[in-house]
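Below are some notes on the model you sent, set out as numbered points. They go from local features to the contact between chains.

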Protein chains: 2
Amino acid sequence: VEIDADGRAISVSGIAKGAGMIHPQMATMLSVITTDLAVPPGDLDALLRAAVACSFNRISVDGDRSTNDTVLFLASGASGVSLEALDPGGRLAFGAALLRVCTDLARQIARDGEGATRLVEIEVSGARDEREAHVVADSIARSPLVKTAVHGGDPNWGRVLAAAGYSGAAVDPNTMSLSFGPDDDAVAVVAAGLPLPFDARAASERLRRDPVRIALDLGLGDERATVWTCDFSAEYVAINAHYTT
Amino acid sequence: VEIDADGRAISVSGIAKGAGMIHPQMATMLSVITTDLAVPPGDLDALLRAAVACSFNRISVDGDRSTNDTVLFLASGASGVSLEALDPGGRLAFGAALLRVCTDLARQIARDGEGATRLVEIEVSGARDEREAHVVADSIARSPLVKTAVHGGDPNWGRVLAAAGYSGAAVDPNTMSLSFGPDDDAVAVVAAGLPLPFDARAASERLRRDPVRIALDLGLGDERATVWTCDFSAEYVAINAHYTT
């Protein structure tokens with residue numbers, strides 16, 4: 001990602017490796033992010049932690065959390081520009097560029113999950129606070145029943161609502177609304193707790209698109225969170241049953 | 001299960017139905033337990049709760065918790081004997097018979113899990129308290145990586161220790177010991193945190209027996225807990241990807 005700082009180009013780049021044993025905090029992954037901006041170590045650390053919280057720590061492949069992970073953020077200063085020299089707008093743009101790189105890599109890791117055929121984006125909105133939105137989204141992302149339903153293109157809304165229900169967050173089935181597909185082309189399947197009549201073929205098609213989008217509105221507040229996962233395939237089992245230690 | 005009460009036979013019987021969406025508390029299951037002992041409702045309730053806690057609430061097929069479950073305990077009094085008439089030893093025997101029926105049914109549900117080929121018994125010992133032992137056993141039972149390793153007969157001890165590590169319980173890798181197989185014929189793979197040289201073929205064979213036994217000693221105390229699960233197969237994915245809602 002390149003941003004412009006008073007006419008000088010600053011870049012933020014990254015590479016990452018993942019695949020299995022991916023579940024926050026953080027995942028079996030290695031990632032290196034670089035920038036040619038000059039940034040003091042304390043600022044690098046703070047910026048990276050903020051970006052990781054909403055990217056690498058929001059992905060799940062198998063719910064199996066790793067004991068090993070690394071994300072490094074290196075600043076060379078080769079652009080000749082320093083963070084201190086940026087105006088507030090420039091600093092904001094730099095933080096946004098970092099988040100964009102981290103989110104892009106995190107989504108690639110989820111899509112590249114062992115045996116996965118597509119990326120699944122779970123957005124939970126209408127929560128009382130961001131933590132509860134995250135807890136619900138994480139519970140859905142971890143459910144083998146949701147992930148196998150996506151794999152089979154089965155618009156099984158009951159599994160999504162059940163995973164929200166057992167997440168531990170305070171939810172109310174009577175205020176939940178659910179849709180499958182991108183916002184501008186979604187198929188609504190539940191509205192305020194009531195199952196809607198819907199075109200099963202269209203809903204199934206939404207679950208076969210990459211990325212798959214599952215949008216659950218809890219109907220309780222204004223906060224939201226997004227978690228990325230992947231579908232669960234027989235290939236995942238084959239890979240992990242026959243992996244030699 | 002039949003027990004003898006002063007020369008009169010009392011029976012405890014049960015039936016259960018499960019398969020998928022099995023995770024405490026409790027599971028998508030239906031179960032009815034019956035006895036011909038006369039038992040007051042309050043005692044029936046207390047006895048059943050105690051037995052369920054260590055049986056139906058200790059199984060996991062896919063970590064997906066159900067919103068629907070039932071276990072009923074019915075006492076007909078047809079034996080002509082009442083709980084009040086039993087001496088302390090008889091009451092103990094009755095409670096043990098109930099626990100045996102519940103545990104037997106719970107194990108059958110786990111073995112009969114969707115796509116499962118065998119029962120997996122995870123015993124965690126050496127815990128500071130029983131709750132922590134349960135948390136660790138549950139984390140191992142829920143791990144897709146452990147369950148696929150069992151399916152493939154892969155003695156992947158690292159996955160078991162990792163699941164204990166991320167369980168949330170306070171564990172110490174340096175005091176953990178792990179073995180695969182029944183107590184009188186187990187293959188030790190880790191002792192006090194150190195990986196042991198072991199016969200991979202023998203360890204793999206232990207993971208192909210039904211039931212599979214995984215015994216983890218945390219080395220921190222005297223408490224223990226057992227959780228039953230099953231292996232994770234490609235058939236589980238096939239069943240749940242193509243289930244029509």
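1. Burial of E132(A). This is a predicted model, and the values that follow are computed from it. E132(A) has a relative accessibility of 13% and therefore counts as buried, the limit being under 20%. Its side chain meets that of R131(A) in a salt bridge, with N and O 3.9 Å apart. The cut-off for such a pair is 4 Å. R131(A), in contrast to its buried partner, is exposed, at 55% relative accessible area.

2. Start of helix 3 of chain A. The backbone nitrogen of R131(A) also has a partner: a side-chain oxygen of D129(A) comes to within 3.2 Å of it at the start of helix 3.

3. Length and packing of helix 3 of chain A. The helix runs over residues 130–142, which is 13 residues. At 1.5 Å a residue the expected span is 18 Å, and the end C-alpha atoms are 18 Å apart, so the two agree. Its buried residues are E132(A), A133(A), H134(A), V136(A), A137(A), D138(A), S139(A), I140(A) and A141(A). Acidic side chains, those of E132(A) and D138(A), are included in that list. Which elements do the buried residues of helix 3 pack against? They pack against helix 4 and helix 5, and also against strand 5 (119–127), strand 9 (212–217) and strand 10 (223–230), all of chain A.

4. A second salt bridge in chain A. E205(A) and R206(A) are joined through their side chains, with an N to O distance of 2.7 Å. Here the arginine is the buried partner: R206(A) has a relative accessible area of 11%, whereas E205(A) is partly exposed, with 32%.

5. A salt bridge between loops of chain B. The closest N and O atoms of R209(B) and D185(B) are 2.8 Å apart. R209(B) lies in the loop between helix 6 (200–206) and strand 9 (212–217), and D185(B) in the loop between strand 6 (177–180) and strand 7 (187–191), so the pair ties together parts of chain B that are 24 residues apart in sequence. Both residues are partly exposed: R209(B) has a relative accessible area of 25% and D185(B) one of 31%.

6. Salt bridges overall. In chain A, R107(A), E121(A), E123(A), D183(A), R213(A) and R224(A) are joined into one network by salt bridges that share partners. Over all chains the count is 28 salt bridges.

7. Cis peptide bonds. The bond from D210(A) to P211(A) is cis, with omega near 0 degrees. P211(A) sits in the loop between helix 6 (200–206) and strand 9 of chain A. In chain B, the bond from D210(B) to P211(B) is likewise cis, with omega near 0 degrees, and P211(B) is in the loop between helix 6 and strand 9 of that chain.

8. Positive phi at A192. A192(A) is not a glycine, yet its phi is positive, about 45 degrees. The residue lies in the loop between strand 7 (187–191) and strand 8 (194–195) of chain A and is partly exposed, at 45% relative accessibility. For A192(B) phi is near 45 degrees, again positive. A192(B) lies in the loop between strand 7 and strand 8 (194–195) of chain B, and at 46% relative accessibility it counts as partly exposed.

9. Position of V71(A). This valine is in strand 4 (residues 69–75) of chain A and is buried, with a relative accessible area of 16%. Between V71(A) and G126(A) the C-alpha distance is 31 Å, for a sequence separation of 55 residues.

10. Contact between chain A and chain B. How many residues does each chain give to the contact? Chain A gives 30 and chain B gives 30. The buried area is about 2600 Å², with 62% from carbon and sulfur atoms. L145(A), Y166(A) and V237(A) supply 21% of the area that chain A buries against chain B, more than any other three residues. There are 0 salt bridges between the two chains, but 8 residue pairs are in polar contact, both residues at pLDDT 80 or more.

11. The chain A side of the contact. Helix 4 (144–152), helix 5 (157–165) and helix 7 (234–241) each supply at least two residues to the side that touches chain B. Helix 4 gives the most, with 6 residues. By class, this side of chain A has 13 nonpolar, 11 polar and 6 charged residues.

Methods: Residues are numbered from 1 along each chain as its sequence is written. Chains are lettered from A and ligands numbered from 1 in the order in which they are written. This is a predicted model: local features need pLDDT of at least 70, side-chain atom pairs count only at pLDDT 80 or more; totals for chains, interfaces and linings use all residues. Side-chain values use heavy atoms; hydrogens and water are left out. Contact means heavy atoms within 4.5 Å. Buried area is the accessible area (1.4 Å probe) that two parts lose on being put together, summed over both. A polar contact is a pair of N or O atoms within 3.5 Å; within protein, one must be able to donate a hydrogen and the other to accept it, and residues adjacent in sequence count only if both atoms are side-chain atoms. Helices (H or I, at least four residues) and strands (E, at least two) are DSSP runs, numbered from the N terminus. Ala, Val, Leu, Ile, Met, Phe, Trp, Tyr, Cys and Pro count as nonpolar, Asp, Glu, Lys and Arg as charged, and the others, Gly among them, as polar. Buried means under 20% relative accessible area, exposed over 50%, partly exposed in between (1.4 Å probe, protein chains only). The expected span of a helix is 1.5 Å times one less than its number of residues.
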